[in-house]
Amino acid sequence: MDKKELTQAIFKRTGLTQEQAKTAVDALFDIMKENLQARTAVSISGFGTFEPIFPTTQIVQVPTRPGISPLLQSVNVKFGPSADLIQSMGGPHGPGGGEDD
């Protein structure tokens, strides 16, 4: 599902107009992005947590360059699904995912 499909699904399930649904989806993602940029995790009850990962800068010596250089590492976002989400998808103890009886 992409952003346009998500907006359409919200429009169909709520009393919002298509424009209001688009505004709500845009606002949600903007707020999530702002929090992640501020190094703040975004936790959504029953869904999961998005956690920004900002690696520490490491200094390395490059043999072909005099002096030292910072090692550039990529910024990442880790998603941890909630137990409810895992269970709803048939994970541990969910539909068909329980232990043998």
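Start with one cross-strand pair: Glu-51 stands opposite Lys-78, a residue of strand 5. Strands here are DSSP E runs of at least two residues, while helices are H or I runs of at least four, both numbered from the N terminus. What you have is a predicted model, so to speak on paper only: local features need pLDDT of at least 70, side-chain atom pairs count only at pLDDT 80 or more, and totals for chains, interfaces and linings use all residues. Residues are numbered from 1 along each chain as its sequence is written, and side-chain values use heavy atoms, with hydrogens and water left out.

**The chain as a whole**

- The protein chain has 3 helices and 5 strands, and from the N terminus on they come in the order α-α-β-β-β-β-β-α.
- Of its 101 residues, 14% count as buried; buried means under 20% relative accessible area, exposed means over 50%, and partly exposed is in between (1.4 Å probe, protein chains only).
- Among contacts with a separation of 6 or more, 27% link residues 24 or more positions apart, a contact being heavy atoms within 4.5 Å.
- The accessible surface of the protein chain is about 8000 Å², and carbon and sulfur atoms own 56% of that; the areas come from the Shrake-Rupley method with a 1.4 Å probe, and for residues only the protein chains shown count as cover.

**Helix 1 and its partners**

- Helix 1 covers residues 3–13 and includes Ile-10; Thr-7 is found there too.
- Thr-7 is buried, with a relative accessible area of 12%.
- Ile-10 comes out as partly exposed, at 26% relative accessible area.
- Skipping neighbours within four places in sequence, Thr-7 is in contact with Gln-18, Ala-21, Lys-22 and Val-25.
- With that same kind of neighbour left aside, Ile-10 is in contact with Leu-16, Ala-21 and Val-25.
- The C-alpha atoms of Ile-10 and Val-25 are separated by 8.5 Å, and the two residues sit 15 apart along the chain.

**Helix 2**

- Helix 2 takes in residues 18–37, so 20 residues, and reaches 28 Å from its first C-alpha to its last, close to the 28 Å expected at 1.5 Å a residue; the expected span is 1.5 Å times one less than the number of residues.
- Its buried residues are Ala-21, Val-25, Met-32 and Leu-36.
- Looking down the axis of helix 2, those buried residues fall within an arc of 35 degrees, so they line one face of the helix; the arc is that of the directions from the helix axis to the C-beta atoms.
- What covers them? Helix 1, strand 1 (42–44), strand 2 (48–53) and strand 5 (76–81) are included in the cover.
- On the face of helix 2 turned away from its buried side you'll find the exposed residues Glu-19, Glu-34 and Gln-37.

**The loop after helix 2**

- Arg-39 sits in the loop between helix 2 and strand 1.
- Arg-39 has a positive phi of about 65 degrees although it is not a glycine.
- Arg-39 is exposed, with a relative accessible area of 57%.

**The sheet**

- Strands of a sheet pair through backbone hydrogen bonds, either parallel or antiparallel.
- Here, an open sheet of 3 strands has the order 1-2-5 with antiparallel pairing; two strands pair if DSSP finds at least two bridges between them.
- Strand 1 and strand 5 are the edge strands, each pairing on one side only.
- Neighbouring strands of this sheet are turned by 15 degrees against each other on average, direction ignored; axes are lines fitted to C-alpha atoms, for helices over the stretch in contact, and angles run from 0 to 180 degrees between N-to-C directions.
- Strand 1 and strand 2 run antiparallel and are joined by 3 bridges; Val-42 stands opposite Phe-50, and Ile-44 opposite Gly-48.
- These two strands form a hairpin with 3 residues between them, and Gly-46 in the turn has a positive phi of about 80 degrees.
- Strand 2 and strand 5 pair in the antiparallel sense over 6 bridges.
- Side chains alternate along strand 2: Gly-48, Phe-50 and Pro-52 point to one face and are buried, whereas Thr-49, Glu-51 and Ile-53 point to the other and are not.
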